[in-house]
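Reader: I would like to learn how to read a protein model residue by residue. Please take me through one.

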Amino acid sequence: METLHITTAADLISLIGHSLGYWPHESLVCISLQTNRMGATLRLDLPSNSEHAKIYAQSVAGHLGTDADATATVFAIFTDAPWTAQRREFLRPNIHEVAQQLSHSGMPIRAGWIVGPSSFAEYQPHTASYGPEVPLDAVQSSCINAELVFRGSQVQSGLSLALPQRMPTPKFEIDVETNKKMISSRSATVQMAQARALWNLLLEGGNDPTPAQRAELLAILQFPGLRDRLIADMPGLDLPMGLLLFGQSDSAPRWDRIDAAERLLLRLFSIASPQHAAAPLTLLGCIAWWKGRGSTAADFMDLGLSFDPGYRLAQLMKEMLSCGLVSGWARSKTQAYRQL
């Protein structure tokens, strides 16, 4: 592809949508610059509060810092919320901290914008003030947008989860509950050994699980201790559970095992009763986060919480995502997920 020359703010905002493949919502998007060339692009959910402003900002600087040639940064805030004085004060500590961290990291902010549902404006991170509003139509009619559309690029209106049709049955729900009772009757050692053996068989075997195996696995996932162990077993690495849950290792994970787990969990979700659905959805969110798909991970957590508002792991993952944390594997060029 020939070099694209960005000359206006509308050009850059348009390029963000084409780079991501979708129009971000309630998001902070940062782009590192290498003198006059674009480097890494980072999209994070807007923070839900200012309690973790420093952690959020450190995550932004840490991710963009992987671009060793970066000399500056530009950013855009995408939000549909009315840009009131209260909203400005709500986001001000976070965006101010991001500007500070980027400056300390040698990537000072060169420019920023706030993008709403019908207009955009230049935004000053230190004062939370913004300039004259420009109709969003300018983005659609920008030269960059026209060029990229001509080349076949499309921007979706937003992310959507590709989920199978749900077909739970009363019989399967009873089978899961029966398995839960059986698991509870076993010793903790036996529970763990049998759960890991079944999980490994299904991830390595390559065959479709039987209805009995699906019911047993979904029952196992209802026990937090067993569930967490199976999450850590997915990557196929012999490391402490804490490192694996955060996607941290010296070697790449077994992405083929993780992909197999993803397919299996989607199958389980499609037949799970509402009371059992939060577990497979939360695991799918963990996988999405490992792969560097923070928005998809957040969507999975939200959907899991819609089935069980008190599901603790999904709540914790949501808090982590709101801080802008990126998995170790997603930050590594040699370990990151590559879809074949």
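**Reading the model**

Author: Begin with a loop: E26 sits in the loop that connects α1 and β1. Keep in mind that this is a predicted model.

Reader: What is the phi of E26, about which sign and size?

Author: The general idea comes before the case. Most residues other than glycine have a negative phi. E26 is not a glycine, yet its phi is positive, at about 45°.

Reader: Is E26 buried, partly exposed or exposed?

Author: Buried means under 20% relative accessible area and exposed means over 50%, with partly exposed in between. E26 has 29% relative accessibility, so it counts as partly exposed.

Reader: And S27, is it buried or exposed?

Author: S27 belongs to strand β1, which covers residues 27-34. Its relative accessible area is 1%, so S27 is buried.

Reader: What does the side chain of S27 pair with?

Author: The side chains of S27 and R43 are joined by a polar contact of 2.6 Å. Setting aside residues up to four places away in sequence, S27 touches R43, L44, D45 and L46, and also A76, I77 and F78.

Reader: Which secondary structure elements does the whole chain have, and how many of each?

Author: The protein chain contains 15 helices and seven strands.

Reader: How does the radius of gyration of the chain agree with that of a compact globule?

Author: The rule ties the expected radius to the number of residues. For 340 residues a compact globule would come near 20 Å, and the protein chain has 22 Å, which agrees. The C-alpha trace spans about 65 × 40 × 40 Å along its principal axes.

Reader: What share of the residues is buried?

Author: Buried residues are 48% of the 340 in the protein chain. As for the surface, the accessible area is about 16500 Å², and carbon and sulfur atoms account for 53% of it.

Reader: How many positive and negative side chains are there, and how far apart are the centres of the two sets?

Author: There are 28 positive and 31 negative side chains in the protein chain, and the centres of the two sets are 5 Å apart.

Reader: What share of the contacts joins residues at least 24 apart in sequence?

Author: Counting contacts between residues at least 6 apart in sequence, 69% join residues at least 24 apart. A10 gives a single-residue case: apart from residues up to four places away in sequence, A10 touches F120, A138, V139 and S142.

Reader: Where is A10, and is it buried or exposed?

Author: A10 is in helix α1, residues 9-20. Its relative accessible area is 7%, so A10 is buried.

Reader: Where is K291, and is this lysine buried or exposed?

Author: K291 is in the loop between α12 (278-290) and α13 (294-307). With a relative accessible area of 9%, under the 20% cut-off, K291 is buried.

Reader: Which side chain makes a polar contact with the side chain of K291?

Author: That of D259, at 2.8 Å. D259 is also among the residues that K291 touches, beyond those up to four places away in sequence; the others are W255, I258, E262, A330 and Y337.

Reader: What does L284 contact, leaving aside neighbours within four places in sequence?

Author: L284 lies in helix α12 and is in contact with E262, L265, L266 and F300. E262 thus appears in the contacts of K291 and in those of L284. At 1% relative accessibility, L284 counts as buried.

Reader: Is H104 buried or exposed?

Author: H104 is in helix α3, residues 85-104. The cut-off for exposed is over 50%, and H104, at 65% relative accessibility, counts as exposed. C-alpha to C-alpha, H104 and I271 are 50 Å apart in space, with their places 167 residues apart in sequence.

Reader: How far is T127 from P117 in space, C-alpha to C-alpha?

Author: The two C-alpha atoms are separated by 22 Å, and the residues are 10 apart along the chain. T127 is in the loop between β5 (119-124) and β6 (129-130), and its side chain makes a polar contact of 2.7 Å with the side chain of S129. At 45% relative accessibility, T127 counts as partly exposed.

Note on methods: Residues are numbered from 1 along each chain as its sequence is written. This is a predicted model: local features need pLDDT of at least 70, side-chain atom pairs count only at pLDDT 80 or more; totals for chains, interfaces and linings use all residues. Side-chain values use heavy atoms; hydrogens and water are left out. Helices (H or I, at least four residues) and strands (E, at least two) are DSSP runs, numbered from the N terminus. The radius of gyration is taken over C-alpha atoms; the globule rule is 2.2 Å times the number of residues to the power 0.38. Buried means under 20% relative accessible area, exposed over 50%, partly exposed in between (1.4 Å probe, protein chains only). Contact means heavy atoms within 4.5 Å. Accessible areas come from the Shrake-Rupley method with a 1.4 Å probe; for residues, only the protein chains shown count as cover. Lys and Arg count as positive and Asp and Glu as negative; His and the chain ends are not counted. The place of a charge is taken as NZ of Lys, CZ of Arg, CG of Asp or CD of Glu. A polar contact is a pair of N or O atoms within 3.5 Å; within protein, one must be able to donate a hydrogen and the other to accept it, and residues adjacent in sequence count only if both atoms are side-chain atoms.
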